[in-house]
Amino acid sequence: MSAGTSLLHDRISAITGMAAETVAHLLVSGGNSPSAPLRRRIGDAERDWERSEQAHRAARQRRQADERALNDTRENGVARVLFHGLEPHSCPRCDAPISEQRRRAEREQHRCAVCTSDVSAAARESDAPEIDARLRLAASEAAEAAALAGLRRAEVAVAELVAELAEPPRPRNGDNPTGSPLGPP
């Protein structure tokens, strides 16, 4: 960001091709058109841009959080697969040996050799968290895209008003093309 300009000035500069400093100066000075209605429209457009920028930032942060959550869920799934492939000889908590009877129950009845819970139910439920995380990520990606589109519309609205500020004043009826009133004929 340039010294003395804001993110909005830099974005408007990119859209209009004007220097960011020129954009900032036009907005502060009122440019070539100091009309009150135009100044109000610019103020409203700047506030809309600020709200849109905040909404986009929040949506981006939500999407990033959802990406991290999906990554964590995937890593948990990988760890689960790794641990399911292990064949412990003793309880990982107290080192008590696992009997052959418990090993057989795990193979035949799908009962965990360590804790005796039903491992087939756990296997069926293991995909649900990743599916939920993927759905949340898809929703947050859509929300971020919508927020970005709103931000771009707000930027264009401000850019159009800045361009209007930069236009030379139009001659009024009775003015000569230089803008000064015509004298008597």
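**Close-up 1. Helices α1 and α6 are roughly perpendicular to each other in this predicted model.** The axis of α1, which spans residues 7-16, and the axis of α6, which spans residues 128-166, come within 9 Å and cross at roughly 75°; because angles from 65 to 115 degrees count as roughly perpendicular, the pair is assigned to that class. On the α1 side the contact is made by Leu8, Arg11, Ile12, Ile15 and Thr16, and on the α6 side by Arg152, Glu155, Val156, Val158, Ala159 and Val162. Sorted by class, the contact of α1 with α6 has seven nonpolar residues, one polar residue and three charged residues.

**Close-up 2. The buried residues of α1 lie on the same side of the helix.** Leu8, His9, Ile12 and Ser13 are the buried residues of α1, and they cover an arc of only 140° around the axis, which is why they fall on the same side of α1. These buried residues pack against α2 (20-29), α3 (36-84) and α6. After α1 comes Gly17, whose phi is positive, near 85°.

**Close-up 3. A salt bridge between Arg11 and Glu155 links distant parts of the chain.** The closest N and O atoms of Arg11 and Glu155 are 2.9 Å apart, and the two residues, Arg11 in helix α1 and Glu155 in helix α6, are 144 residues apart in the chain. Arg11 has a relative accessibility of 25% and therefore counts as partly exposed, whereas Glu155, at 2% relative accessibility, counts as buried. Together with Arg152, Arg11 and Glu155 are linked in a network of salt bridges. Arg11, Arg152 and Glu155 also belong to the contact between α1 and α6.

**Close-up 4. Asp48 and Arg51 form a salt bridge within helix α3.** The closest N and O atoms of Asp48 and Arg51 are 2.3 Å apart. Because the two residues are three residues apart in helix α3, Asp48 and Arg51 are separated by about one helical turn. An α-helix has 3.6 residues a turn, so residues three or four places apart point the same way. Asp48 is partly exposed, with a relative accessible area of 37%, and Arg51 is likewise partly exposed, with a relative accessible area of 49%.

**Close-up 5. Arg134 and Glu130 form a salt bridge within helix α6.** The closest N and O atoms of Arg134 and Glu130 are 2.9 Å apart, and both residues lie in helix α6, four residues apart, about one turn of the helix. Arg134, at 42% relative accessibility, counts as partly exposed, and Glu130, at 24% relative accessibility, also counts as partly exposed. A search of the whole structure finds 12 salt bridges, among them this pair of Arg134 and Glu130.

**Close-up 6. Helices α2 and α3 are oblique to each other.** The axes of α2 and α3 come within 10 Å and cross at roughly 125°, and the two helices are therefore classed as oblique. The contact is made by Leu26, Leu27 and Val28 of α2 and by Arg39, Ile42 and Glu46 of α3. By class, the contact of α2 with α3 has four nonpolar residues, no polar residues and two charged residues. Both α2 and α3 are also among the helices against which the buried residues of α1 pack.

Methods:
Residues are numbered from 1 along each chain as its sequence is written. This is a predicted model: local features need pLDDT of at least 70, side-chain atom pairs count only at pLDDT 80 or more; totals for chains, interfaces and linings use all residues. Side-chain values use heavy atoms; hydrogens and water are left out. Axes are lines fitted to C-alpha atoms, for helices over the stretch in contact, and angles run from 0 to 180 degrees between N-to-C directions. Angles under 35 degrees count as roughly parallel, over 145 as roughly antiparallel, 65 to 115 as roughly perpendicular and the rest as oblique. Contact means heavy atoms within 4.5 Å. Ala, Val, Leu, Ile, Met, Phe, Trp, Tyr, Cys and Pro count as nonpolar, Asp, Glu, Lys and Arg as charged, and the others, Gly among them, as polar. Buried means under 20% relative accessible area, exposed over 50%, partly exposed in between (1.4 Å probe, protein chains only). The arc is that of the directions from the helix axis to the C-beta atoms. A salt bridge is a side-chain nitrogen of Lys or Arg within 4 Å of a carboxyl oxygen of Asp or Glu.
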